[in-house]
Amino acid sequence: MNGTTSNDLNTNTTYPIVYGLLDKSNIKNQTFFSYKQWDLSSGSSTQNALPLNAIYSDYTNLALLGTELSLNDSKNIDGSFQTIIYKSMYHLFYTKNQLYNTYDISNQGTMKKFLYHSASIFSIPNQKIGYGIKPTSFEFTASSSPYIFKLKDDGFGNIYNTSYNTSSIISSLTYYEGFNEYFDTTRINYESANVTYIPGINLSDVTPSASIGMAARFLGNGYITTQLDGDYNRSTEYAISFFISGAAQSSDNLVLGKVSNSVNSMYPFKIELTTDSKIKFTISSADQLKSSISASISSSWNHIVCQKSGSKMYLHVNGNTPITGSNINSDNINNASNLYIGGFSTNTSNLIADLDEIRIFNKALSISDVNALKDRTTYGTCLQTNIVGNVFYNSGLVIVSSPNPIYNDIINIDNFNAYYKSTKQINEFSALINVQSDQFNSSLNSSLLNDDMSTYQSYITGSEFSPYITTIGLYDNNSKLLAIAKLAQPIKKRSDIDLSFLIQIDTDQPLTPSILIE
């Protein structure tokens, strides 16, 4: 190496330094793949992930950027607007009428991508994603009461709560509507009119009350109708579960039924809210062959299950001992009607009540099933799913979004830990630095020089003033410091031997440095 001394190499040093170019034959760049784990913790906005929120305060007005509608002005810790964050991730999620028309490569049929009115987001920088987040690697643990749960990635892009009682999830579901996505009314794909959407059933063990998603409000002139799959005849069993909040009606008004109008004489089920605040469950094959049972409800949220098991009818109210109906001795009870909810058309004598979490099953339910469907506790099973969000492996986004309000704002929980893994390409730079015996044999400490800054003072004699090498700095071609190698102990520079130093550095990008020896 042909070294030079300088008093200024784009630095503020006052002592000479030695600077030289590395021989290209002594530089080697090679790549390898590294499997890394990145850690996150509460209260941290480290470079491993940027925590963001996307929460709407106004469910009914999703303001588009540039419109005159008032935007949600809540901001994230980096100053970004939560409304804008919502718009930036919206395209990753399903809408009800476009279940597979979403961006990011996903596991169609196994990845359940639904977006609710709040989202807690970990946005992972591209430098940390590498070749994508490793499936099954994301975990999130909250360990401070009342937030005590663990979330994991199932390998298909779904985040699930590990402590959720999955045995409570009931099979043979033929219809479900929880209204939880209808803060954005573009997600509705059935025929409806004059129905509004409000905060839904509340958690039963939280004070003050917190709503689980949204509910449908019927004000006397609204209705919903949609096709209903499944078999509902004399030889099959079926059950209808829902929550209702409503008072006495001016007439017996339809809650829901597989019946197209009020004068139909044949239907497998019609459920009404009556003039004396009762739920009435009816099965009919003709005007003279009807079986009905009824039970009183309160004006607050009630959980109802109406079911046909064998030749009998059962009506459960809030999990109490069911009311049992007489034998169903009718002939055909099936029909081709859609499912109607709240009424049959737009008029002034429809249901006045709120409905939520409607489920229809093609089987009868056990008492434990009924209890699972009505469980509105913090970690209860009324939502019938352990999925609370998604990992988008290629986009570098982890998004927790659930109707359950306990997940609304998990990035601000006082005590959580999370991590994810990724595979990155690493550039291993190695440089062999040769210091020949005839180089750098005098100390470059400026305090040893005369005032001319070029000759040594007279007392500088003997080997005790020989220089020691302590630090090797690597610079780019613009003299910008890239890395510093510190020796474990100073090495004395001798005039009778050559010295060689091997430096290895792992970087995200290849290096082409010069060299500085001190």
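Strands, in this entry, are DSSP runs of type E with at least two residues, numbered from the N terminus. I needed that before placing Lys258, which I found in the loop between β13 (253-257) and β14 (267-273). I note at the outset that the model is predicted.

**Entry 1. Lys258**

I asked whether Lys258 is buried or exposed. Its relative accessible area is 5%. Because buried means under 20%, Lys258 counts as buried. I then listed what surrounds this residue, leaving aside neighbours within four places in sequence. Lys258 is in contact with Leu228, Tyr232, Tyr267, Pro268 and Phe269, and also with Asn334, Asn335, Ala336, Ser337, Asn338 and Leu339. With Ser337 there is a specific polar contact: the side chain of Lys258 reaches the backbone oxygen of that residue at 3.2 Å. I also looked up Thr226, which is 32 residues from Lys258 in sequence; the two C-alpha atoms are 9.9 Å apart in space.

**Entry 2. Asn253**

Asn253 lies in strand β13. Asn253 is buried, with a relative accessible area of 3%. Setting aside residues within four places in sequence, I recorded contacts with Ile271, Glu272 and Leu273, and with Ser349, Asn350 and Leu351. Ile352 is 99 residues away from Asn253 along the chain, yet their C-alpha atoms are separated by 8.2 Å.

**Entry 3. The whole chain**

I next turned to the chain as a whole. The protein chain has 3 helices and 28 strands. Of its 518 residues, 48% count as buried. How much of the contact total comes from residues 24 or more positions apart? Among contacts with a separation of 6 or more, such pairs account for 70%. The accessible surface of the chain comes to about 24,400 Å², and carbon and sulfur atoms hold 46% of that area.

**Entry 4. Helix α1**

I examined helix α1, residues 82-89, and found its buried residues to be Gln82, Thr83, Ile85, Tyr86 and Met89. Seen down the axis of α1, these residues fall within an arc of 160°, so they line one face of the helix. The geometry of such helices is relevant here. An α-helix has 3.6 residues a turn, so residues three or four places apart point the same way.

**Entry 5. Nonpolar cores**

Which residues touch the most other members of the largest nonpolar core? They are Phe242, Ile244 and Val255, within a core of 56 residues. A second, separate core has 26 residues, among them Ile129, Phe149, Leu151 and Ile159. I followed Ile244 further, ignoring neighbours within four places in sequence. Its contacts include Val255, Leu273, Ile279, Ile297 and Trp301, as well as the polar residues Ser300, Asn302 and Asp354.

**Entry 6. Asp354**

The contact with Ile244 led me to Asp354, which is placed in strand β21 (residues 352-361). Asp354 is buried, with a relative accessible area of 9%. Which side chain does the side chain of Asp354 meet in a polar contact? The partner is Arg217, at 2.8 Å. Not counting residues up to four places away in sequence, Asp354 touches Ile198, Ala216, Arg217, Phe218, Phe243, Ile244, Ser245 and Trp301.

**Entry 7. Strand β24**

I then traced strand β24, residues 416-435. Of its 20 residues, 14 are buried, so the strand is largely enclosed by the rest of the structure. I looked up its pairings in turn.

- Strand β3 (residues 27-41) runs antiparallel to β24 and is joined to it by 15 bridges; Ile27 has Ala431 as its bridge partner in β24.
- β6 pairs with β24 in the antiparallel sense over 4 bridges, and Thr141 is partnered there by Asn417.
- Strand β27 (residues 499-507) is antiparallel to β24, with 9 bridges between them; Asn427 stands opposite Thr507 in β27.

**Entry 8. The hairpins of β6, β7 and β8**

From β6 I moved along the chain. Strand β6 (residues 139-144) and strand β7 (residues 147-153) run antiparallel and are joined by 6 bridges. Ser144 stands opposite Tyr147 in β7, and the hairpin that joins the two strands passes through 2 residues. β7 in turn pairs with strand β8 (residues 158-161), also in the antiparallel sense, over 3 bridges. Here Asp153 stands opposite Ile159 in β8. This second hairpin has 4 residues between its strands, and Gly155 in the turn has a positive phi of about 90°.

Technical notes. Residues numbered from 1 in each chain as written. Predicted model: local features only at pLDDT ≥ 70, side-chain atom pairs only at ≥ 80, totals over all residues. Heavy atoms only, no water. Buried < 20%, exposed > 50% of the residue type's maximum accessible area, 1.4 Å probe, protein only. Arc of directions from axis to C-beta. Core = buried A, V, L, I, M, F, W, Y, C linked by side-chain atoms within 4.5 Å. Contact = heavy atoms within 4.5 Å. Pairing = 2+ DSSP bridges. Polar contact = N/O pair within 3.5 Å; in protein donor to acceptor, adjacent residues only side chain to side chain. Areas by Shrake-Rupley, 256 points an atom, 1.4 Å probe, with all protein chains shown as cover.
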